[in-house]
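Biologist: Hi! Could you walk me through this one?

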Amino acid sequence: MEKYDVLEPDHFYHIYNRGNNKENLFVEDSNYSHFLNLIKKHISPIADVYAYCLLKNHFHLLIKIKSREELSSINKII
C-alpha cells in the first residue's frame, strides 16, 4: 500500500529534491526555464511560491498552499 503525504491548506512547505546519485538535474540553461514553467503550470494554481533555489543537482521550493476557499474555487473552474 502506498503512503501519500497530504498538503494542508494555508500551510507552508519546504519541498526539495535532488538527482539520482547526486547527478545533475539541470544540464543546460534551458532546463532551468523549463522547470520554472512546470512550476508555473502545476504548482502556481494551488500554491504561492515564496522562494526557490535551483542548483545543478537539486532544488528547493518554499510554498504556501492556498486557502480552502481558493482551492474550492479552482476546482469549480476545472
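Modeller: Happy to; we can take the charged residues and the aromatic rings in turn, bearing in mind that this is a predicted model.

Biologist: Great. Where is lysine 66?

Modeller: Lysine 66 sits in the loop that joins strand 3 (58-65) to helix 2 (68-77).

Biologist: And is lysine 66 buried or exposed?

Modeller: Lysine 66 is buried, and it has no salt bridge.

Biologist: Why does aspartate 48 not count as a salt-bridge partner for lysine 66?

Modeller: Aspartate 48 is the nearest side chain of opposite charge, but it is 4.2 Å away, and a salt bridge has to be within 4 Å, so the pair does not count.

Biologist: Which residues is lysine 66 in contact with, apart from its neighbours within four places in sequence?

Modeller: Its contacts include Pro9, Asp10, Ser44, Pro45, Asp48 and Leu71.

Biologist: You mentioned Asp10. What's notable about its phi?

Modeller: Aspartate 10 has a positive phi of about 65 degrees, although it is not a glycine. Aspartate 10 lies in the segment before strand 1 (12-18) and is partly exposed, at 44% relative accessibility.

Biologist: Where is lysine 22, and what is its phi?

Modeller: Lysine 22 is in the loop between strand 1 and helix 1 (29-42), and its phi is positive too, near 60 degrees. Lysine 22 is exposed, with a relative accessible area of 54%.

Biologist: Back to Pro9 for a second. What does arginine 68 touch, leaving out residues up to four places away in sequence?

Modeller: Arginine 68, which is in helix 2, touches Glu8 and Pro9. The C-alpha atoms of arginine 68 and proline 9 are separated by 5.6 Å, with the two residues 59 apart along the chain. Arginine 68 is exposed, with a relative accessible area of 55%.

Biologist: Okay, rings now. How many aromatic pairs are there?

Modeller: The structure holds four aromatic pairs. One of them is phenylalanine 26 with tyrosine 32: the ring centres are 4.6 Å apart and the planes are at 15 degrees, so this pair is stacked.

Biologist: What about phenylalanine 26 and phenylalanine 35?

Modeller: That pair is edge-to-face, because the planes are at 85 degrees; the ring centres are 5.4 Å apart.

Biologist: How accessible are those three residues?

Modeller: Phenylalanine 26 is buried at 3% relative accessible area, and phenylalanine 35 is buried at 16%. Tyrosine 32 is partly exposed at 21%.

Biologist: Which residues form the aromatic cluster?

Modeller: Phe26, Tyr32, Phe35 and Phe59 form one cluster.

Key: Residues are numbered from 1 along each chain as its sequence is written. This is a predicted model: local features need pLDDT of at least 70, side-chain atom pairs count only at pLDDT 80 or more; totals for chains, interfaces and linings use all residues. Side-chain values use heavy atoms; hydrogens and water are left out. Helices (H or I, at least four residues) and strands (E, at least two) are DSSP runs, numbered from the N terminus. Buried means under 20% relative accessible area, exposed over 50%, partly exposed in between (1.4 Å probe, protein chains only). Lys and Arg count as positive and Asp and Glu as negative; His and the chain ends are not counted. Contact means heavy atoms within 4.5 Å. Rings of Phe, Tyr and Trp (its six-membered ring) pair if their centres lie within 6.5 Å; planes under 30 degrees apart count as stacked, over 60 as edge-to-face and the rest as tilted.
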